Structure formats: C-alpha cells, structure tokens
Amino acid sequence: MDVTAKLLRVYQVDKQIRGLQSRLGAAEKFLNQQTKDLAALDASRSTLEASLKTHTVTAADQEGEVKALDDKMAHIRDQMNRAQTNKEYQAFLTELNTFKTQRDKLETASLEAMTKAEEIRKQVAEIQAKQEERSRVRDHAAKERDERYKEIEGRLNELKAERAACVADVPGDVLTMFNRLLEVRGDTAMGVVEVVDRKRHEYNCGSCMMAIPIDAVSGLLSSGRLTRCSSCECVLYLDDTARQAMSPPQKSPGGKKSAKSAQP
Ligand SMILES: [Zn+2]
C-alpha cells in the first residue's frame, strides 16, 4: 500500500470519528440549551415568588390595620352613644370620620395588593407549568445524550483502534504533517482529483477547485506518492472515477472513431 492510500485510510476513519462526535455534540448542545432555559425559568419564578410574598404580607398587614380601625370605630360609636353634650358628640364624630377615611384608604390598598398577589400567583402557576414541561424535555435530552454516548462509545473505541492500526505504518514525519492538516482542515484535509478534461489533461483539486499539474496526477497514479495541492495544501488522492479516466483507453476492435467518446 502506497503512502497516499495509507493516508486515505486514516482520513476515512477520522471522518467517521468526527461524524460520530458531532452527533454527540448536537445532543450535548441541545441538552445545555434546555438546562439554561430551565435555569432562566427558575430565576423568573424566584423573582415572582418574592414579589408574591411581599404583596401577600402587605395585604395581610393592611387587613390587620383595617380590623384595628374597626375596633377603634366601634369604640367611638359607643362613646358617641353615651355623649353628654353635642360638642362631645361632634368631637367623636370628627374622630370617627378621620378613622373612616384612613380605613377606606387601607381597604383599597389591601384590595389592590391582594389583586396583584392573585395576578402573580397566576404567573407563578404558568411558569410552573412551563418548568414541568421543560424539565421533561431536559430529562429526555439528558437521556438522549447518554444514549448517544453509549451508542458511539463502542464504535468510537473501535474506530480509534482502527486508526491506531492505520497510522502504524505511516512514516512519522508524514503523520505529523497529516495530523496537523486534519486538525486544521477536518474533512478538507484530503481532496480528490477531479477530471475536468481527460484528453487535455486538465485536473482540479476537489477541495479548492484549482488546477493540478499533470505530472502530479501521474505521480499519484503510478506510485501514489505524497502529493499536496499547491493552492490549498490538502493531500490529493485518486478515486476510482479518476483512475478509470486516466487508465489507457481500451483498444476498440475495428478502431471506430466514435468508440473514443463512449463512456464505460
Ligand atoms: Zn486544493
């Protein structure tokens, strides 16, 4: 096996490894999003619950004050009934009216606080429903991520072992160069030679579409020597289509000219 074929093997195993890992990555990303959304809902709920508590306490305090005023007013009414003079009566009446005004204000405020508390309670319930829903999604996402991992774990280890076997007979300096290329370029670390025009010996790098000189292509065909695209620096290789296109034309019996253009 020539060096290009060896690298192609590494490249193909690597591609599978990256594919598997990206599947896990998507599941991981989805799970993280759910966890984040859930945390945001938790925060909103905490804020609302704090506000609910404030309004509930305020309403209860105000209700207590209303009750205290009711007691005071009852006492004044009692005193009014027992008033000896009109002046005394008028004084009690003024006091009663002052308390009445205070009471009305407090009652209105208490009612407002209670109404607000009720609104917040509804919002809390809505958030709670969303949290439950989101929790289910998050749990499902976590399960999915774990399953994906379990699913790929075995295959990933197999591929890693396969890769180790594949790289074993690649020369050290070539491997160092190729690993760096894989790291930087991933799927475009290698490029297939594309046949643009066989008769005119026109070939392109399948990765960057720039032209490749004929001697580079011939070298690949004859010895599979390490050949890099001078433009994008990927490692070039020939696939079956390119090999077929470059192999000497089949002798056509009778030498019919039209046979030249016939495709296999
Ligand atoms: Zn290229």
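This report describes the helices, the sheet and the nonpolar core of a predicted model.

## The helix pair

Helix 1, which covers residues 3-81, packs against helix 2, which covers residues 86-167, at an angle of about 165° and with the two axes 4 Å apart. Since angles over 145 degrees count as roughly antiparallel, helix 1 is therefore roughly antiparallel to helix 2. The crossing in which helix 1 passes helix 2 is left-handed, and the residues of this contact divide into 40 nonpolar, 15 polar and 27 charged.

Phe30 has its place in helix 1. With 17 other C-beta atoms within 10 Å, Phe30 counts as partly exposed, because a residue is buried at 20 or more such atoms and exposed at 12 or fewer. Phe30 lies 125 residues from Arg155 in sequence, and the C-alpha atoms of these two residues are 22 Å apart in space.

## The sheet and its order

The model contains an open sheet of 4 strands, whose order is 3-2-1-4 and whose pairing is mixed. Strand 3 and strand 4 are the edge strands, each of them pairing on one side only.

The mixed character can be followed strand by strand. Strand 1 (residues 190-197) pairs with strand 2 in the antiparallel sense over 4 bridges, and strand 2 pairs with strand 3 (residues 211-212), also in the antiparallel sense, over 2 bridges. Strand 1 and strand 4, by contrast, run parallel and are joined by 3 bridges.

## Bridge partners and turns

Several residue pairs fix the register between strand 1 and strand 2: Asp197 has Glu202 of strand 2 as its bridge partner, Val195 stands opposite Tyr203 in strand 2, and Val193 is partnered by Cys205 of strand 2. These two strands form a hairpin with 4 residues between them, and in its turn His201 has a positive phi of about 55°.

On the way to strand 3, Asn204 has Ala211 of that strand as its bridge partner. The hairpin of strand 2 and strand 3 has 5 residues between the strands, and Met209 takes a positive phi near 70° there. In the parallel pairing, Met190 has Val235 of strand 4 as its bridge partner.

## The two faces of strand 2

In a regular strand the side chains alternate between the two faces of the sheet. Strand 2 (residues 202-205) shows this alternation, with Tyr203 and Cys205 pointing to one face and being buried, whereas Glu202 and Asn204 point to the other face and are not buried.

## The nonpolar core

The largest nonpolar core has 21 residues, and those with the most contacts inside it are Leu7, Met190, Val193, Ile212, Cys234, Val235 and Leu236. Two or more residues of this core come from each of helix 1, helix 3 (172-185), strand 1, strand 2, helix 4 (214-223) and strand 4 (235-237). Helix 1 gives the largest share, with 5 residues.

Among the residues with the most contacts in this core are Met190 and Val235, which are also bridge partners of one another. Val193, likewise among the residues with the most contacts, is the bridge partner of Cys205, whose side chain points to the buried face of strand 2.

Technical notes: Residues numbered from 1 in each chain as written. Predicted model: local features only at pLDDT ≥ 70, side-chain atom pairs only at ≥ 80, totals over all residues. Axes fitted to C-alpha atoms, helices over the stretch in contact; angles between N-to-C directions. Parallel < 35°, antiparallel > 145°, perpendicular 65-115°, else oblique. Left-handed = near helix turned anticlockwise from the far one by under 90°. Nonpolar A, V, L, I, M, F, W, Y, C, P; charged D, E, K, R; others polar. Pairing = 2+ DSSP bridges. Core = buried A, V, L, I, M, F, W, Y, C linked by C-beta atoms within 7 Å.
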